[in-house]
Amino acid sequence: MNDDLIIKTVDLTKSYGPHVALNKLNLSVPKGATGLLGPNGAGKSTFLKTILGLIQATEGDGTVLGLDIRTQGDLIRSRIGYMPEYDSLNPDMEAIYQVKYSGELLGMNPIIAQARAHETLQYVGLGEQRYRTIGSYSTGMKQATKLACALIHDPELVIADEPSNGLDASARKYMIETLNNTVVTGKRSVLMASHLMDDVEQVCDNFILLHKGKLAAQGRIADLKAFDREIEIHVWGGASRLAEAMEKAGLSVRREGRVMRILHQDEDTTHTILKCAADVGAQVRRMHEYEASLEDLFLSIMENLGYDVKSSDDLLASPAQARKVDAPEHMGGGAA
Ligand SMILES: Nc1ncnc2c1ncn2[C@@H]1O[C@H](COP(=O)(O)OP(=O)(O)O)[C@@H](O)[C@H]1O
Ligand SMILES: [Mg+2]
């Protein structure tokens, strides 16, 4: 096995009755931090549960850390830390005992589990509140407790399902920073599922995009950045003059009538736009950073890969094309 791969699946399929939630996924996940992206219902949680052996694959095979997902689920779960999407905590338990208990379930000696519970709760920012019952915790604190449970045995791979779901801005920031620490300082691998591009971007180097149970794209997040950041302006009077002036100033402009999108090159881009507008006497009525939606991103990826795809449905109507954008060969995938 390639030592740099932590997860590999071959034609992995999971059906819930007639509903195909994972459709012949051929994935190779390298060491490091990977974001599992996709809209709700794409199959992210199903994928994670299947590779952990928590639910049985309908067809296909896979390995996690070289272990068979069909027969070695217990071993896999002892080597990785899993932070599930659903609420897995006992509201009547004090956090310290809940975290200790999750270590004991993995076969840790109770004294070591207790010591580690103190450490991990400190690590996720709950050091002061560790003797409170979980029922009295905020959502952010519960999510942090789930992360502490996942980290109790110091796993080499952490799998987190929507870790920042339902959190307010500050709890979300803290969760993302903690995951980032785990990768950067702790040198652990992380696979995090999220429908939020932003969160994934802050923690992960690589992404996997699932769409309706299929692999839509996989690659490096850095390669997505170009699609991600544009400034949209609405111009009143002198739109053509402004477009021309901005291009002369070295900006990359996409124009549709009065609406223009300018590639965000650096922190001076906004200033340059406004200066050009002042120079040619055009009025910028609205200006905002344009964030590509997942769908936009998805289409951009396809386009970038050289496919003429009008919408994600087109892609799905054409399985041969979908296979072509399966995991790239250099990542060990089944690119056709
Ligand atoms: N236990 C289940 N029984 C039947 N259908 C399910 C079950 N779990 C998930 N699904 C369906 O499988 C698809 C993928 O769901 P899920 O893996 O939860 O997606 P995601 O995590 O990307 O939002 C969805 O259409 C969902 O409705
Ligand atoms: Mg999910």
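A good place to enter this predicted model is its ligand, where an oxygen atom of ligand 1 sits 3.0 Å from an N or O atom in the side chain of His19. Two further polar contacts can be described here. A polar side-chain atom of Ser45 is found 2.9 Å from an oxygen atom of ligand 1, and a polar backbone atom of Gly43 is 3.0 Å from an oxygen atom of the ligand. The surroundings of ligand 1 consist of Tyr16, His19, Ala21, Pro39, Asn40, Gly41, Ala42, Gly43, Lys44, Ser45 and Thr46.

Ala21, one of the residues around ligand 1, belongs to strand β2, which covers residues 19-30. Ala21 has a relative accessible area of 8% and is therefore buried, the cut-off being under 20%. Setting aside residues up to four places away in sequence, Ala21 touches Lys14, Ser15, Tyr16, Ala42, Gly43, Thr46 and Gly213. In the case of Thr46, 25 residues of sequence separate the pair, while the C-alpha atoms of Ala21 and Thr46 are 7.1 Å apart in space.

Stepping back to the whole protein, the model contains 13 helices and 14 strands. The protein has 336 residues, of which 48% are buried. Among contacts with a separation of 6 or more, 65% are made by residues 24 or more positions apart.

The interior can be approached through its nonpolar cores. In soluble globular proteins, nonpolar side chains tend to be buried together. The largest nonpolar core here has 41 residues, and the members that touch the most others are Leu121, Val124, Leu147 and Met192. Helix α5 (residues 139-151) supplies the largest share of this core, with 7 residues. Leu147 is in contact with Met83, Val124, Val158, Met175, Thr178 and Leu179, once its neighbours within four places in sequence are left aside. There is also a second, separate core of 28 residues, whose members include Leu22, Ile69, Tyr82 and Leu157.

His153 is placed in the loop that runs between α5 and β7 (157-161). With a relative accessible area of 18%, His153 counts as buried, because the limit is under 20%. A polar atom of the His153 side chain lies 2.8 Å from the backbone oxygen of Ile80. Beyond residues up to four places away in sequence, the residues touched by His153 are Arg77, Ser78, Arg79, Ile80, Gly81, Leu106 and Met108.

Helix α10 offers a clear view of how buried and exposed positions can be arranged on one element. This helix spans residues 269-280, 12 residues in total, and extends 17 Å from its first C-alpha to its last, close to the 16 Å expected at 1.5 Å a residue. Its buried residues are Thr269, Ile273, Cys276 and Ala277. Viewed down the axis of α10, these buried residues fall within an arc of 100 degrees, so they line one face of the helix. The general geometry helps to picture this: an α-helix has 3.6 residues a turn, so residues three or four places apart point the same way. On the face of α10 turned away from the buried side are the exposed residues His271, Ala278 and Asp279. Just after α10 comes Gly281, which takes a positive phi of about 70 degrees.

Note on methods. Residues numbered from 1 in each chain as written. Chains lettered and ligands numbered in written order. Predicted model: local features only at pLDDT ≥ 70, side-chain atom pairs only at ≥ 80, totals over all residues. Heavy atoms only, no water. Helix = DSSP H or I, 4+ residues; strand = E, 2+ residues; numbered from the N terminus. Expected span 1.5 Å × (residues − 1). Buried < 20%, exposed > 50% of the residue type's maximum accessible area, 1.4 Å probe, protein only. Arc of directions from axis to C-beta. Core = buried A, V, L, I, M, F, W, Y, C linked by side-chain atoms within 4.5 Å. Contact = heavy atoms within 4.5 Å. Near = heavy atom within 4 Å. Polar contact = N/O pair within 3.5 Å; in protein donor to acceptor, adjacent residues only side chain to side chain.
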